[in-house]
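Me: Please take a close look at one part of this protein and explain where it sits. Then work outwards from there to what surrounds it, in plain terms.

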Amino acid sequence: MADGHSDIGGPYAPTDPVPGEESVDGLIVGHRLMAAGEYELALKAYYRAAAEQGINVDTLSAIGSANLRLGRLGQAETILRLAIQKDETFVPAWNNLGVVLMEKGEYAEASQVFKTAFALDNGRSDEIRQNLRLSLAKVDNPSYDSGPEGEFSLVRRGNGQYLLLTAP
């Protein structure tokens with residue numbers, strides 16, 4: 001139709017971009033979808049953001065975080081390492097890489113990654129401090145039982161950072 005909307009999908013299903021209008025930032029859409037637990041849709045929004053904005057530390061970190069939540073640890077690790085290569089001072093990518101490594105059982109490397117995140121953040125983040133403590137406890141005592149069955153759960157703490165918690 002002339003207004004850019006299809007009758008089939010209803011008035012809220014645009015078929016094509018409306019000339020002169022800007023699209024919503026894919027990162028913002030992705031962050032909202034992540035908060036709603038829609039990780040696959042968030043990943044698609046982050047890919048769209050990468051296509052529109054380019055591959056930068058923000059889009060890479062977001063894509064890595066979505067993969068983390070989807071349990072795709074290998075992909076998340078690879079992408080978060082790319083994000084860190086783009087910007088070695090980007091704290092959320094360091095923190096989330098540490099979370100991935102903890103999930104993979106690579107506690108010593110996770111501790112080093114959390115130490116880097118903690119240092120870059122100047123110790124301001126309680127979440128990173130808590131992640132570091134947990135990783136150090138696992139390094140000191142690999143049989144440390146962090147809770148029932150020793151499993152972790154992730155909690156999002158703004159700006160794409162995750163906190164490791166023991167599973168309830």
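Reply: Phe 90 has a relative accessibility of 15%, so it counts as buried, since the cut-off for buried is under 20%. This value, like the others below, comes from a predicted model. Phe 90 belongs to the loop between α4 and α5. Along the sequence, Phe 90 is 32 residues from Asp 58, yet their C-alpha atoms are 8.8 Å apart in space. That pair gives two directions to follow: the helix after the loop, and the helix around Asp 58.

The helix after the loop is α5, which runs over residues 91–103. Its 13 residues should span 18 Å at 1.5 Å a residue, and this agrees with the 19 Å between its end C-alpha atoms. Of those 13 residues, 12 are buried, so α5 is mostly covered. The buried ones include Val 91, Pro 92, Ala 93 and Trp 94 at the start of the list, and Val 100, Leu 101 and Met 102 at the end of it. Polar names appear there too, among them Asn 95 and Asn 96. Just after α5 comes Gly 105, with a positive phi of about 85 degrees.

The other direction leads to α3, residues 57–69. Before looking at its burial, consider its start. Asn 56 caps the N-terminal end of α3, with a side-chain oxygen 3.0 Å from the backbone nitrogen of Asp 58. Asp 58 is thus the residue that takes part in this cap and also the one 8.8 Å from Phe 90, C-alpha to C-alpha. From its first C-alpha to its last, α3 reaches 18 Å, close to the 18 Å expected for its 13 residues. It is mostly covered, with 11 of the 13 buried. Among the buried residues are Val 57, Leu 60, Ile 63 and Leu 68, along with Ser 61, Gly 64 and Asn 67. Gly 71 follows α3, and its phi is positive, near 80 degrees.

Both helices feed the largest nonpolar core, which has 35 residues. The residues with the most contacts inside this core are Met 34, Tyr 46, Ile 63, Ala 93, Leu 97 and Phe 114. Each of the helices α1, α2, α3, α4, α5, α6 and α7 supplies at least two residues of this core. The greatest contribution, eight residues, comes from α5.

Next, how the helices pack. Two packed helices are described by the angle between their axes and the distance between the axes. For α2 and α3, the angle is about 165 degrees and the axes are 9 Å apart. This angle makes α2 roughly antiparallel to α3, because it is over 145 degrees. Their crossing is left-handed. A second pair, α6 and α7, packs at about 155 degrees, with axes 9 Å apart. These two are therefore roughly antiparallel as well, and α6 passes α7 in a left-handed crossing.

Finally, the whole protein. It has seven helices and two strands, in the order α-α-α-α-α-α-α-β-β along the sequence. Buried residues make up 40% of its 168 residues. Phe 90 is one of these buried residues, in the loop between α4 and α5.

Terms used
Residues are numbered from 1 along each chain as its sequence is written. This is a predicted model: local features need pLDDT of at least 70, side-chain atom pairs count only at pLDDT 80 or more; totals for chains, interfaces and linings use all residues. Side-chain values use heavy atoms; hydrogens and water are left out. Helices (H or I, at least four residues) and strands (E, at least two) are DSSP runs, numbered from the N terminus. The expected span of a helix is 1.5 Å times one less than its number of residues. Buried means under 20% relative accessible area, exposed over 50%, partly exposed in between (1.4 Å probe, protein chains only). A polar contact is a pair of N or O atoms within 3.5 Å; within protein, one must be able to donate a hydrogen and the other to accept it, and residues adjacent in sequence count only if both atoms are side-chain atoms. A nonpolar core is a set of buried Ala, Val, Leu, Ile, Met, Phe, Trp, Tyr and Cys residues joined through side-chain atoms within 4.5 Å. Axes are lines fitted to C-alpha atoms, for helices over the stretch in contact, and angles run from 0 to 180 degrees between N-to-C directions. Angles under 35 degrees count as roughly parallel, over 145 as roughly antiparallel, 65 to 115 as roughly perpendicular and the rest as oblique. A crossing is left-handed if the near helix is turned anticlockwise from the far one by less than a right angle, and right-handed if clockwise.
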